[in-house]
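Hi,

Here is the structure I promised to pass on. Have a look first, and my notes follow underneath.

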Amino acid sequence: MLEGKALIQDTDMPVKMQIQATASASQALDLYDVFDCRSISAHIKKEFDKRYGCGWQCVVGSNFGCFFTHSKGTFIYFTLETLSFLIFRGVSSSSS
């Protein structure tokens, strides 16, 4: 596991889910090269889909902008090492 500590910028996730998010990110950084953001984000998304059900989205990188709608209690944005992580569950069309 990486020695660095995640710095949470913004979230509405329960604490237990926040811990899972940062742990999944740390694990992905152990498995993949830091420049392989696509594999890192896929790893985190698959972990969240498996643990919390389908519909999760994950963006990883050092420079990105975003604008999205998410389900309440499913959003986190944090930095770890040199990367930023955005994880959220989208709003389904049936719940709009």
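Before the sheet, one rule: two strands pair if DSSP finds at least two bridges between them. Strand 2 and strand 4 (residues 83–89) are joined by six bridges and pair in the antiparallel sense. Within that stretch, Gln57 sits opposite Phe88 of strand 4. Bear in mind throughout that this is a predicted model.

Now the sheet as a whole. It is an open sheet of four strands, ordered 1-3-4-2, and the pairing is antiparallel. Which strands stand at the edges? They are strand 1 (7–11) and strand 2; each has a single partner strand, so one side of each has no neighbour in the sheet. From one strand to the next, the twist averages 15 degrees. In general, strands of a sheet pair through backbone hydrogen bonds, in either a parallel or an antiparallel way.

Then the helices. Helix 1 (residues 15–31) lies across strand 1, strand 2, strand 3 and strand 4, and it runs at about 40 degrees to strand 3. Helix 2 (residues 37–52) lies across strand 2 and strand 4, at about 155 degrees to strand 2.

Helix 2 is also where you should look for charged pairs. How many salt bridges are there? The count comes to two. In one of them Asp49 meets Lys45, with the closest N and O atoms 2.5 Å apart. Both residues lie in helix 2, four residues apart, which is about one turn of the helix. Is Asp49 buried or exposed? Asp49 has 18% relative accessibility, and the cut-off for buried is under 20%, so Asp49 counts as buried. Lys45 has a relative accessible area of 28%, so Lys45 is partly exposed.

Lys50 and Glu47 also form a salt bridge, at 3.7 Å from N to O. These two lie in helix 2 as well, three residues apart, again about one turn of the helix. Lys50 is exposed, with a relative accessible area of 66%, whereas Glu47 is at 18% and counts as buried.

On to the aromatics. A pair of aromatic rings is described by how far apart the centres are and by the angle of the planes. Searching the whole structure turns up seven aromatic pairs. One of them is Phe48 with Trp56: the ring centres are 4.9 Å apart and the planes are at 65 degrees, so this pair is edge-to-face. Phe48, at 0% relative accessibility, counts as buried, and so does Trp56, at 1%.

Phe64 and Tyr77 make another edge-to-face pair, 6.4 Å centre to centre with 85 degrees between the planes. Phe64 is in the loop between strand 2 (56–61) and strand 3 (76–80), while Tyr77 is in strand 3, so the pair ties together parts that are 13 residues apart in sequence. How accessible are these two? Phe64 has a relative accessible area of 27% and is partly exposed. Tyr77 is likewise partly exposed, with 27% relative accessibility.

One last thing to pick out on screen: which residues do ring pairs link into a cluster? They are Phe48, Tyr52 and Trp56.

Cheers

Conventions. Residues are numbered from 1 along each chain as its sequence is written. This is a predicted model: local features need pLDDT of at least 70, side-chain atom pairs count only at pLDDT 80 or more; totals for chains, interfaces and linings use all residues. Side-chain values use heavy atoms; hydrogens and water are left out. Rings of Phe, Tyr and Trp (its six-membered ring) pair if their centres lie within 6.5 Å; planes under 30 degrees apart count as stacked, over 60 as edge-to-face and the rest as tilted. Buried means under 20% relative accessible area, exposed over 50%, partly exposed in between (1.4 Å probe, protein chains only). Axes are lines fitted to C-alpha atoms, for helices over the stretch in contact, and angles run from 0 to 180 degrees between N-to-C directions. Contact means heavy atoms within 4.5 Å. A salt bridge is a side-chain nitrogen of Lys or Arg within 4 Å of a carboxyl oxygen of Asp or Glu.
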